[in-house]
Amino acid sequence: MERFVLTLGLPRFHDLNLLDRALTHSSYANENKFHHIFHNERLEFLGDAILDLVVGEYLYRHYPNMPEGELSKARASVVSETPLASVCCDFHMGDYLLLGKGEAATGGKTRPSILADSFEAVVGAIYLDSSYQAAQTFILCRLRPYLQLVDSGNYGKDYKTLFQEFVQRKGEQSIAYFLDHEEGPDHNKTFYMAVAVNGRVLGKGAGKTKKDAEQHAAHEALKTLNALA
């Protein structure tokens with residue numbers, strides 16, 4: 001756990017039980033209910049509220065002329081599932097998650113929704129263990145590339161659109177999305193899509209639908225090309 005704290009750049013925890021809880025999925029708690037294990041859904045609820053406040057305050061202060069509707073759109077783009085899950089992937093948060101056997105067997109450690117929820121739970125844990133300021137610092141540091149998209153005016157666009165525009169700035173390129181593999185039973189599949197430019201794979205992503213997986217693949221490709229820095 002100490003390694004995870006250092007890797008993700010978290011403040012030093014006074015109560016590591018809070019961090020353990022933030023990384024415990026409900027499926028694990030349900031499989032071990034006789035041990036009275038707490039899962040992360042309440043921390044996720046708290047972290048979600050803090051995340052909205054921190055990003056909302058940042059946008060309010062940095063863009064004094066932006067109307068309310070655009071502020072809402074910008075905030076939604078920054079705190080959406082794809083950026084939060086991507087941050088978690090960067091630091092292999094999935095390796096530290098406690099999941100039920102079924103959830104783990106069907107790709108839960110890389111599932112964007114689970115990773116995004118875990119990010120919110122970690123934010124809630126930081127707030128309770130330390131302070132609002134500590135949670136604020138963590139959020140603004142980890143989400144800086146997505147806040148910078150607001151500066152460039154690209155926050156209202158999906159990642160496939162952003163990727164296509166970035167790649168084709170120097171002329172027409174061949175962009176292709178294809179199914180890399182899939183996992184899980186028919187009623188609960190996880191799709192893994194890849195995106196290639198002129199035959200070179202630049203990003204892969206997972207999702208419960210192929211469209212969602214394509215968005216995550218495009219997002220990873222943008223990171224590969226340093227287009228979010």
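These legends describe close-up views of a predicted model.

**View 1. Two domains and the contact between them.**
The domain assignment splits the protein in two: domain 1 covers residues 1-152, and domain 2 covers residues 159-225. Their C-alpha centres lie 23 Å apart. Domain 1 brings 13 residues to the contact, and domain 2 brings 14 residues. Between them, about 1,000 Å² of area is buried. Carbon and sulfur atoms give 54% of that area. Which residues of domain 1 lose the most area to domain 2? They are T82, T106 and R111. Together these three make up 43% of what the domain 1 side buries.

**View 2. The segment annotated as DRBM.**
An unreviewed UniProt entry carries the annotation "domain: DRBM" for residues 158-227. Over residues 158-227, the chain is 34% helix and 36% strand. The C-alpha atoms at the two ends of this segment are 14 Å apart.

**View 3. The crossing of helix α6 and helix α8.**
Helix α6 spans residues 81-90, and helix α8 spans residues 112-129. Their axes come within 8 Å. The axes cross at roughly 80°. That angle makes α6 roughly perpendicular to α8. On the α6 side, look for E81, L84, A85, V87, C88 and C89. They meet P112, S113, L115, A116, F119 and E120 of α8. What classes of residue build the contact of α6 with α8? There are 9 nonpolar, 1 polar and 2 charged residues.

**View 4. The crossing of helix α4 and helix α9.**
Here helix α4 (residues 41-62) meets helix α9 (residues 132-142), and the axes come within 10 Å. The crossing angle is roughly 70°. The two helices, α4 and α9, are therefore roughly perpendicular to each other. From α4 come I50, L51, L53, V54, V55, E57 and Y58. From α9 come Y132, A135, Q136, I139 and L140. Sorted by class, the contact of α4 with α9 has 10 nonpolar residues, 1 polar and 1 charged.

**View 5. L140 and its contacts.**
L140 sits in helix α9. How far apart are L140 and V55, in sequence and in space? In sequence, 85 residues separate L140 from V55. In space, the C-alpha atoms of L140 and V55 are 7.6 Å apart. Leaving out residues up to four places away in sequence, L140 touches V54, Y58 and L147.

**View 6. The annotated active site.**
Which residues carry the UniProt feature "active site"? The unreviewed entry places this feature at D48 and E120. D48 belongs to helix α4. E120 is one of the α8 residues that meet α6. D48 and E120 are spread over 73 residues of sequence, yet they cluster in space. The largest C-alpha distance is 5.4 Å.

**View 7. Positive phi at H92 and N226.**
Most residues other than glycine have a negative phi. H92 is not a glycine, but its phi is positive, at about 55°. Where is H92 found? H92 is in the loop between α6 and α7, and α7 covers residues 101-105. N226 also is a residue other than glycine, and its phi has a positive value near 55°. N226 lies in the segment after α12, a helix of residues 210-224.

Technical notes
Residues are numbered from 1 along each chain as its sequence is written. This is a predicted model: local features need pLDDT of at least 70, side-chain atom pairs count only at pLDDT 80 or more; totals for chains, interfaces and linings use all residues. Side-chain values use heavy atoms; hydrogens and water are left out. UniProt positions are given in the numbering used here, feature names are shortened, and annotations may be inferred rather than shown by experiment. Helices (H or I, at least four residues) and strands (E, at least two) are DSSP runs, numbered from the N terminus. Axes are lines fitted to C-alpha atoms, for helices over the stretch in contact, and angles run from 0 to 180 degrees between N-to-C directions. Angles under 35 degrees count as roughly parallel, over 145 as roughly antiparallel, 65 to 115 as roughly perpendicular and the rest as oblique. Contact means heavy atoms within 4.5 Å. Ala, Val, Leu, Ile, Met, Phe, Trp, Tyr, Cys and Pro count as nonpolar, Asp, Glu, Lys and Arg as charged, and the others, Gly among them, as polar. Domain bounds come from an automatic or database domain assignment. Buried area is the accessible area (1.4 Å probe) that two parts lose on being put together, summed over both.
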